[in-house]
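Please find below a colleague's note on this model, set out as numbered points. The sequence and structure come before the comments.

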Amino acid sequence: KYAKGFERRSAFTTWLYRIVRNVCLDHLDAESRVRARIERAASEPIPDAAFPAPADARLETLREALYALPPERREVLVLSRYQGLSYAEIADVCDTTVGATTVGAIKVRAHRAMRELRQRFEELEGTT
């Protein structure tokens, strides 16, 4: 359906992430419903089939800390650290204009998300 829209100005995976994200957002017809679903998803445990049970209790704590992050911080962290997208690609996926300011803003979001993840992890682990 969207193949004609691929302009090759970004990586195929970036283009695909953007389509998937937009289709998901389009599926939800109101901003309040988007927020409600994201918040609900963030608070629900991930089914074991989707996320294998960790062998280590610290991995479970890390998982809990990750899902305790606000959705927009978690999104940037997952895309940058776990999916390996560049900051420019993340800006493209998140439907923002790529430029020095935007890429810088994505870097700041990723840094803040990582800092918050570390804090939440330490709180859950009882080390702070």
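1. Glu116 sits in helix 6, where helices (H or I, at least four residues) and strands (E, at least two) are DSSP runs numbered from the N terminus. Its relative accessible area is 12%, so Glu116 is buried; buried means under 20% relative accessible area, exposed over 50% and partly exposed in between, with a 1.4 Å probe and protein chains only. Leaving aside residues up to four places away in sequence, Glu116 touches Leu69, Pro70 and Arg73, a contact being heavy atoms within 4.5 Å.

2. Some notes on the basis of these values. This is a predicted model, in which local features need pLDDT of at least 70 and side-chain atom pairs count only at pLDDT 80 or more, while totals for chains, interfaces and linings use all residues. Residues are numbered from 1 along each chain as its sequence is written, and side-chain values use heavy atoms, with hydrogens and water left out.

3. The overall fold. The protein chain has six helices and zero strands, in the order α-α-α-α-α-α from the N terminus on. Of its 128 residues, 25% are buried. Among contacts with a separation of 6 or more, 54% are between residues 24 or more positions apart.

4. Which residues are linked with Glu116 in a network of salt bridges? Arg73 and Arg120 are, together with Glu116; a salt bridge is a side-chain nitrogen of Lys or Arg within 4 Å of a carboxyl oxygen of Asp or Glu. Between Glu116 and Arg73 the N to O distance is 2.3 Å. Glu116 lies in helix 6 and Arg73 in helix 4 (residues 71–82), so this pair ties together parts that are 43 residues apart in sequence. Arg73 is partly exposed, at 27% relative accessible area, whereas Glu116 is buried.

5. The count of salt bridges in the model is four. One of them joins Arg58 to Glu125, with the closest N and O atoms 2.6 Å apart. Because Arg58 is in helix 3 (residues 57–68) and Glu125 in helix 6 (residues 100–125), the pair ties together parts that are 67 residues apart in sequence. Both ends are partly exposed: Arg58 has 48% relative accessibility, and Glu125 has 30%.

6. Next to Arg58 in the numbering is Ala57, also placed in helix 3. Ala57 is exposed, at a relative accessible area of 58%. Its C-alpha atom is separated by 9.6 Å from that of Glu125, although the two residues are 68 residues apart along the chain.

7. A salt bridge within helix 3 pairs Arg63 with Glu60, and here the closest N and O atoms are 3.8 Å apart. The two residues are three residues apart in helix 3, so about one helical turn separates them. Arg63 is buried, with a relative accessible area of 10%, while Glu60 counts as partly exposed at 26%.

8. Does the geometry of helix 3 agree or disagree with its 12 residues? The expected span is 1.5 Å times one less than the number of residues, and for helix 3 that is 16 Å; the end C-alpha atoms are 17 Å apart, which agrees. The buried residues in helix 3 are Thr61, Arg63, Ala65 and Leu66.

9. In helix 4, the buried residues are Arg74, Val76, Leu77, Leu79 and Ser80. Gly84, just after helix 4, takes a positive phi of about 75 degrees.

10. The second largest pocket holds about 200 Å³ of space. It is lined by 13 residues, and those closest to its centre are Gly5, Arg9, Trp15, Arg18 and Ile19. On a 1 Å grid over the protein atoms alone, a cavity is a set of points where a 1.4 Å probe fits but cannot get out, a pocket is an open set with protein on both sides within 12 Å along at least five of seven lines, and lining residues have an atom within 4 Å of a point. Grid points are joined across faces, edges and corners, and the volume is the space filled by probe spheres set on the points.

11. On the lining of the second largest pocket, helix 1 (residues 12–27) gives the largest share, five residues. By class, five lining residues are nonpolar, three polar and five charged. Here Ala, Val, Leu, Ile, Met, Phe, Trp, Tyr, Cys and Pro count as nonpolar, Asp, Glu, Lys and Arg as charged, and the others, Gly among them, as polar.
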